[in-house]
Amino acid sequence: MNANRGREAAVFFVPARRAKIFRAPRKTARVPRMKTLALEFSTDAGGLALLEDARVVAAAAVAAGGRRSQELFAAAADLLAGAGWTFADVGAFAVGRGPGSYTGLRVSLTAAHGWALPENKPVWTTSSAAALAAEIFAEQPDAARLVVSGAARRGTIWAGLFGRREGRIGDWRLLPEDARGQAWPDAHWVAPDRAPRAEWVGRLFCAGGASEERQPIYLHPAVVAAPRFGADGRPLPPA
Amino acid sequence: MERTTERLETNSAAETQALAARLAAELPDGAVLCLHGELGAGKTCFVQGLAKALGVRRPVGSPTFTLINEYKGQRALAHVDLYRVRGAGDAFGLGLEDYLFRFGGIVAIEWAERVAESLPETCWHVRLEARGAGEQARTVTIERPAG
Amino acid sequence: MLVLGIESSCDETAAAVVRDGRAVLSSAVNSQIASHRPYGGVVPEIASREHVGSFPVVAAEAIAQAKVAWNDLDAVAVTHGPGLVSSLLIGLSGARALGQTLGKPVWGVNHLEAHLAGTFLDPAAPPPAEACPLLVLMVSGGHSCLVEMLGVGDYRLLGTTLDDAAGECLDKGANLLGLGYPGGPVIERAAQGGDSAFVKFPRGMEHARNRKTDNGLEIEMCFSFSGLKTALLYHLKNHPADREQHLADLAASYQEAVMDSLAQRAERALKVTAARTLACVGGVAKNASLRAKLEDLARRHQARLLLTPLAYCTDNAAMVAAAAGLRALAGIGNPPAVEADPSLPLVEEDSAAG
């Protein structure tokens, strides 16, 4: 379903010195500390975080769901000002790319690109579900496998299986709603009210678990069947 | 609660629009209204009646080019026309998600059966059928959601 | 004054740099027509997805082509309506982020006013103050209206479509004729050599003297295309062989009905307003038969005709930057870009009757 799987990869607990196989910039003795602005808007409980290397300096919850997507801009300005930073200080942007709310994901990705463009700063993305999985793995030291899920269209959910060492295992799946907690019986299902957080998007990025993929994760293709018209010019009845 | 169905007869476009206006007063915010009927059955005419009752002052045409037109009035109206998309229609693939589940006003969808699988269960349905000899006479069937 | 314009209201992602509202330094457009063609029109979800991918590319290209530095910009101007919300939001978010990081103002531009400003991108066009009062026929896939421009930012709505937009009517006709998408160019091509008098299609609202719409517009200056579409549908039903044997004639007759109805309304407006200059903007303004009709009309009424350069008829960002630049230079300023408004009017509805 997603060509980039594997890229977000087994990074949750990869030791830092092995992370060089990933392309995320890393701190070295001579490089100034990397300041990152992380964005996570795959659910209505969105948020922003500032990280200096892998340390979260400040974070803010931003209820920018649906029609309030533009509140992200004021929230970003406030968060930076509160930390005594400006956009010029930010060296990289890390964005959660879903799965989740299309509007939130598109607006946050595009905002990051807009902030990054003039100085050609890097914009990195990671799946929001992987960020949530990383957070839960940190909370539950005994968990080996987790399932992160969310609402899809009527009566269905999407779900992804994550291993502590392996990262995401297999593809995203679309399941009937009543399969929640049933599929992958050995894995712990993350409570549906837990939303991914920007802090963990940032941490995942700093651990090297991000890619340059520019699009949100879409579990539904933007596809409709081509229209067909009968000989009289009328559209044919639906299939 | 069961869904309820009501059959009414109108004799002119004006009567059909008056019926739409009465229905508008009944529709809660966020209501999704599916319009069914052949080409020329008067679906757009019905939406025009709805729009007027919602306080929309701009003329309302068919959003065939963009699929979706939004109007501001005393209450917001989103007018969706799926005439040119057929089969396998997935509301998510069309960009209708925000309208079906997050729109604050009234959403009226022509040819809604083309995304039947994606529609919420709480949809309202209106079927328009030509009746008798009069060019504008219609049978209007209104199906209200349960509860 | 150097303005970066951003446009994403429908199915084109565009960015452009314009100096002082008239000099185009760059204009980058990523057209999505090929992606939407199989569906006979724009699919909002496809449009929005493509905007996300192309916004950074197009914006960077506009700056590179213009050979300016980001910090040379005085402002970012972005279309904030009318259009598709899911499309508008992408340009708006990108523009706001750019303005925020550059420390420059971000202005919201009305897409229709931008089309109008496109007229002045022709170096031969007079300055707006000299051209006013200007009668503008605005015809595109999403919009059809007649506007009197009294000055920059000062518009009076004379007429509008009561149902479909002209471009939409062409799309539907092309679909019925099996010609493809977008309708305007495919019908124009098919109509070549056809007999435009083969079928006399209705022009819509032909017996509307002295009647007004609910919001006070003269029906004589309004358009109606739904009857035309239905007439073609019934003609094809009654003469199924014509689709094969008289395709060029049908296309020519249909196109003639659309363009003639546009020109008729423009002529009525020329008669009742003081405007002595006529402009035509929007995607349909590319149509050669419409251009010829308007040239003839201008000649007969001793009016000056301003035709938007072909490159700026369909959606682009040069016209967006131009609109913002013209307003700023005229001293009336631009509103900040805050939200996307899918139904943003050019003229406030309450004053339409005024």
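How many bridges join strand 2 of chain B to strand 5 of chain B, and do these strands run parallel or antiparallel? To find out, keep in mind that the model on your screen is predicted, and begin the tour in chain B.

**Stop 1: strand 5 of chain B**

Select residues 106-110 of chain B, which make up strand 5, and then add residues 32-36 of chain B, which make up strand 2. The two strands run parallel and are joined by 4 bridges, and if you look at B:Leu35 you will find that it stands opposite B:Glu110 in strand 5 of chain B. Now add residues 77-81 of chain B, which form strand 4, and you will see that strand 4 also pairs with strand 5 of chain B in the parallel sense, here over 5 bridges. Within this pairing, B:Leu77 has B:Ile106 of strand 5 of chain B as its bridge partner.

Next, show the side chains of strand 5 of chain B, where B:Ile106, B:Ala108 and B:Glu110 point one way, while B:Val107 and B:Ile109 point the other way. Residues on both sides of the strand are buried, and because 5 of the 5 residues of strand 5 of chain B are buried, this strand is largely enclosed by the rest of the structure.

**Stop 2: helix 1 of chain B**

Stay in chain B and select residues 13-26, the 14 residues of helix 1, which at 1.5 Å a residue should span 20 Å, a value that agrees with the 20 Å between the C-alpha atoms at its ends. Then colour B:Thr16, B:Gln17, B:Leu19, B:Ala20, B:Leu23 and B:Ala24, which are the buried residues of helix 1 of chain B. These residues cover an arc of only 155° around the axis, which puts them on the same side of helix 1 of chain B. An α-helix has 3.6 residues a turn, so residues three or four places apart point the same way.

Turn the view to the other side of helix 1 of chain B, where B:Ala14 and B:Ala25 are exposed. To see what the buried residues of helix 1 of chain B pack against, show strand 1 (4-10), helix 2 (43-53) and strand 7 (138-144) of chain B.

**Stop 3: the two domains of chain C**

Move to chain C and give one colour to residues 2-117 and 313-351, which the domain assignment places in domain 1, and another colour to residues 131-307, which it places in domain 2. The C-alpha centres of domain 1 and domain 2 of chain C lie 26 Å apart, and 17 residues of domain 1 of chain C are in contact with 23 residues of domain 2 of chain C. On the side of domain 1 of chain C that touches domain 2, the elements giving two or more residues are helix 4 (111-118) and helix 12 (318-329) of chain C, and helix 4 of chain C provides the largest share, 3 residues.

While you are in chain C, select C:Ala274 in the loop between helix 10 (247-272) and strand 9 (277-281) of chain C. C:Ala274 is exposed, with 10 other C-beta atoms within 10 Å.

**Stop 4: where chain A meets chain C**

Finally, show chain A together with chain C, where 26 residues of chain A are in contact with 34 residues of chain C. Helix 1 (71-83) and helix 2 (102-116) of chain A each supply at least two residues of the side of chain A that touches chain C, with helix 2 of chain A giving the most, 9 residues. By class, this side of chain A has 15 nonpolar, 8 polar and 3 charged residues.

Methods:
Residues are numbered from 1 along each chain as its sequence is written. Chains are lettered from A and ligands numbered from 1 in the order in which they are written. This is a predicted model: local features need pLDDT of at least 70, side-chain atom pairs count only at pLDDT 80 or more; totals for chains, interfaces and linings use all residues. The expected span of a helix is 1.5 Å times one less than its number of residues. A residue is buried if 20 or more other C-beta atoms lie within 10 Å of its own, exposed if 12 or fewer, and partly exposed in between; C-beta atoms are placed from the backbone. The arc is that of the directions from the helix axis to the C-beta atoms. Two residues are in contact if their C-beta atoms, placed from the backbone, lie within 7 Å. Domain bounds come from an automatic or database domain assignment. Ala, Val, Leu, Ile, Met, Phe, Trp, Tyr, Cys and Pro count as nonpolar, Asp, Glu, Lys and Arg as charged, and the others, Gly among them, as polar. Two strands pair if DSSP finds at least two bridges between them.
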